[in-house]
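Work through the exercises below with the model open beside you. Try each task before reading its solution.

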Amino acid sequence: MSNTIRSSLYNHLQLAGANFAVYDNFELPQNFLPFEEEYDIQREGVGMTDTSHWAKFKISGDQSLDYLDYIVTGDVGKIREGQVLHSLVMDKNNQMLADVFVCNDEGNYILLAEDVDHKTFRTLLEDNNRF
C-alpha cells in the first residue's frame, strides 16, 4: 500500500468508523454502517462524499461557456451561479469518456470527473481543435 493515496480527510473518516477499500490507488471509505442503515440515513438525512480523488479542472476565460457546451452533452448555459450540471463527455465517435459535474462559480467553471485518469483527461480537454 505504499503507492496508495489517502485523502486529507482520512483520519476524520477513520474516527467516524469508515471501512476503507483501495480504488485506483486511492484509499476511500467503502461504508460506515450496514447498507440498510446507510441507505435510510441518505434517504432521510444528509450524506457527504469525499471527492478528493476526482479529477478537477478550472475552466475560465471568454470562451469557457462555448468550450464546455462543445465538450459536454448538457446545456452549460442553463446553470446559474452556484449550480451544478451533471453531464457526460463524449469522444468524436460518440463513446462516453467521462461522467462529469460542471459547477458554475461566478462565471468560471469547475469540471469534476470521477473514474478517469487525470493526465489522460487533461490531454483530452487540451486536445480540442475547435478552441
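The exercises go from the sheet to its helices, the core, the turns and two single residues.

This is a predicted model, in which local features need pLDDT of at least 70 and side-chain atom pairs count only at pLDDT 80 or more, while totals for chains, interfaces and linings use all residues. Residues are numbered from 1 along each chain as its sequence is written, and side-chain values use heavy atoms, with hydrogens and water left out.

**Exercise 1. The sheet**

Task: give the strand order of the open sheet of 4 strands, and find its edge strands.

Solution.
- Step 1: fix the terms. Helices (H or I, at least four residues) and strands (E, at least two) are DSSP runs, numbered from the N terminus. Two strands pair if DSSP finds at least two bridges between them.
- Step 2: read the order. The open sheet runs S4-S7-S6-S5, and its pairing is antiparallel.
- Step 3: find the edges. Strand S4 (55-59) and strand S5 (84-90) each pair on one side only.
- Step 4: take the twist. From one strand to the next, it averages 30°. Axes here are lines fitted to C-alpha atoms, for helices over the stretch in contact, and angles run from 0 to 180 degrees between N-to-C directions.
- Step 5: check the pairs. S4 and S7 are antiparallel over 5 bridges; here Lys-56 stands opposite Leu-112 in S7. S6 and S7 are joined by 7 bridges. S5 and strand S6 (residues 96-105) also pair over 7 bridges, with Leu-88 opposite Asp-99 in S6.

**Exercise 2. The helices on the sheet**

Task: state which strands helix H3 and helix H4 touch, and where the buried residues of H3 lie.

Solution.
- Step 1: define contact as heavy atoms within 4.5 Å.
- Step 2: place H3. Helix H3 (residues 64-71) packs on the sheet and touches S4, S5, S6 and strand S7 (108-114). The direction of H3 makes about 25° with that of S7.
- Step 3: place H4. Helix H4 (residues 118-126) also packs on the sheet, touching S4, S5, S6 and S7. The direction of H4 makes about 25° with that of S4.
- Step 4: sort H3 by burial. Buried means under 20% relative accessible area, exposed over 50%, partly exposed in between (1.4 Å probe, protein chains only). In H3, the buried residues are Ser-64, Tyr-67, Leu-68 and Ile-71.
- Step 5: look down the axis. The buried residues of H3 fall within an arc of 95°, so they line one face of the helix. That arc is taken over the directions from the helix axis to the C-beta atoms.
- Step 6: name the partners. These buried residues pack against S4, S5, S6, S7 and H4.

**Exercise 3. The core**

Task: which residues of the largest nonpolar core touch the most other members?

Solution.
- Step 1: define the core. It is a set of buried Ala, Val, Leu, Ile, Met, Phe, Trp, Tyr and Cys residues joined through side-chain atoms within 4.5 Å.
- Step 2: list the residues. Of 20 members, Leu-68, Val-76, Val-100, Val-102, Leu-111 and Phe-121 touch the most others.
- Step 3: trace the suppliers. S4, H3, S5, S6, S7 and H4 each give at least two residues to this core.
- Step 4: inspect Val-102. Beyond four places in sequence, its contacts include Leu-68, Val-76, Ile-79 and Leu-111.

**Exercise 4. Positive phi**

Task: where are Asn-94 and Glu-106, and are they buried or exposed?

Solution.
- Step 1: Asn-94 sits in the loop between S5 and S6. Its phi is near 60°, positive in a residue other than glycine.
- Step 2: Glu-106 belongs to the hairpin of S6 and S7, which has 2 residues between the strands. Its phi is about 55°.
- Step 3: Asn-94 counts as exposed, at 60% relative accessibility. Glu-106 counts as exposed, at 60%.

**Exercise 5. His-53 and Phe-20**

Task: describe the surroundings of His-53 and Phe-20.

Solution.
- Step 1: His-53 lies in the loop between helix H2 (35-44) and S4. His-53 is buried, at 9% relative accessible area.
- Step 2: leaving aside neighbours within four places in sequence, His-53 is in contact with Phe-26, Leu-28, Glu-114 and His-118.
- Step 3: Phe-20 is in strand S2 (residues 19-23). Phe-20 is partly exposed, at 21%.
- Step 4: beyond four places in sequence, the contacts of Phe-20 include Tyr-10, Leu-13 and Leu-28.
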